[in-house]
Amino acid sequence: MRPKVYITRRIPEPGISLIEESCDVTLHPYDEPPAHEEIVNRIRDKDALLCLLSDRIDKEIIDAGTNLKVISTFSVGFEHIDVAEATRRGIYIGYTPGILTEATADLAFSLLLGVARRITEADRFLRGNRWRTAFSPSLLLGTSVWGSTLGIIGLGRIGKAVARRAKGFSMKVLYTKRTPLSREEELNLGVVYRPLEVLLEQSDFVSLHTPLNDETRHLINEARLRLMKPDAILINTARGPVVDETALVRALKGKWIAGAGLDVFEKEPIGPAHPLLHLDSVVLLPHLGSATMQARSKMAEVAASNLLAVLRGKAPPCWLNPEVENVRPLSRTRML
Ligand code: NAP
């Protein structure tokens, strides 16, 4: 019998066709995510689930999926999955680390440059037919990136890729993480450790690259925003809730900081009345970190490979919960 798979969105090729070669696929064919109740109903007879970060895969879904052997997420973040419950139930979890690192680092750097040099604001100015003088010495002055200080919060795969880009701009790179790098790694990457509060005080740009979890939720709060320099710029391509958005709006309006570049928000999508939409000092993107054709296609391939590996009784190439093998050995997930 062919395994039954539920896929919660049309992901780029070759993702779905790889799975369809050997499995019966039920696809949620719309851009809008399926309702939670729909996933609960669809999952009842499925052996595998391929989901996105906007699908909340909680205990109710895991309980309903009595045949479920693998959850493969089309993302590196996994805060939307109840990993502990899935592991307890012997469900393997695959994710897509590494593949989207460079694309996300490119986007973080685009936001940094975009806010510093007021790119989108200038574009709106020109399109709004407000460009009257050929060259104006003080028109839309930005702030210098070259030679400035960048503070990276969360120096993992993406944080390090941003640090490498910063070196091309002769930036001094400070970083913080719970376990500092070895001295040798610091020297190779050209980065200097600082405790979080000191990093915030010393940086001209602060870029966030931590996962979202209980420890990092509202890591950037009012008190920490107040530590930043008044001409500093905050970049968030990690997850929206890492920043207290209400405090950020206050910080921008009150000019405690100069600007922000945001790819992620506390609640996505943001509504038309969101206060950030009225501020010129921000560049806002609709969660595009990994949105290159190359990265998304590779993510789809890896997400499919993770799912198929488990159904073949093999270890998924990108495996989030190896301890699950103690609950259900791979020999008992094999259907292909
Ligand atoms: P990663 O390699 O796991 O790096 C995460 C880093 O955060 C590690 O250096 C970790 O070091 C640090 N960290 C964890 N908790 C921390 C804390 N409380 N304080 C300070 N640092 C902390 O992950 P990645 O691949 O770089 O991805 C990072 C995040 O980016 C993902 O989790 C995802 O949410 C987000 N992301 C967003 C997009 C997008 O579309 N915008 C795309 C890809 C990824 P320690 O463990 O030593 O603290």
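A salt bridge here is a side-chain nitrogen of Lys or Arg within 4 Å of a carboxyl oxygen of Asp or Glu. Keep that in mind as we work through this predicted model.

**Exercise 1.** Find out whether Arg42 and Glu38 form a salt bridge or miss the cut-off, and where the two residues lie.

*Solution.* Start with the distance: the closest N and O atoms of Arg42 and Glu38 are 3.6 Å apart. The cut-off is 4 Å, so the pair forms a salt bridge. Next, place the partners: both belong to helix α2 (residues 36-43). They are 4 residues apart there, about one turn of the helix. Finally, set the pair in context: the rule gives a count of 24 salt bridges.

**Exercise 2.** Describe how the protein surrounds the ligand, beginning with the shell and ending with the buried area.

*Solution.* First, the shell: 24 residues surround the ligand, and Arg157, Ile158, Arg178, Thr237 and Asp263 come nearest. Sorted by class, the shell has 11 polar, 7 nonpolar and 6 charged residues. Then look at contacts to ligand oxygen atoms. An N or O atom in the side chain of Arg178 is 2.7 Å from one, a polar backbone atom of Ile158 is 2.8 Å from one, and a polar side-chain atom of Lys177 is 3.0 Å from one. Last, the area: alone, the ligand exposes 930 Å², of which the protein buries 88%.

**Exercise 3.** Characterise the second largest pocket by its space and its lining.

*Solution.* Begin with the space, about 280 Å³. Now inspect the lining, which includes Arg117, Phe125, Trp131, Phe135 and Ser136. By class, 9 lining residues are nonpolar, 2 polar and 1 charged.

Key
Residues numbered from 1 in each chain as written. Predicted model: local features only at pLDDT ≥ 70, side-chain atom pairs only at ≥ 80, totals over all residues. Heavy atoms only, no water. 1 Å grid on protein atoms, 1.4 Å probe; cavity = no way out; pocket = protein on both sides within 12 Å on 5 of 7 lines; lining within 4 Å. Points joined across faces, edges and corners; volume = space filled by probe spheres on them. Nonpolar A, V, L, I, M, F, W, Y, C, P; charged D, E, K, R; others polar. Near = heavy atom within 4 Å. Polar contact = N/O pair within 3.5 Å; in protein donor to acceptor, adjacent residues only side chain to side chain. Areas by Shrake-Rupley, 256 points an atom, 1.4 Å probe, with all protein chains shown as cover.
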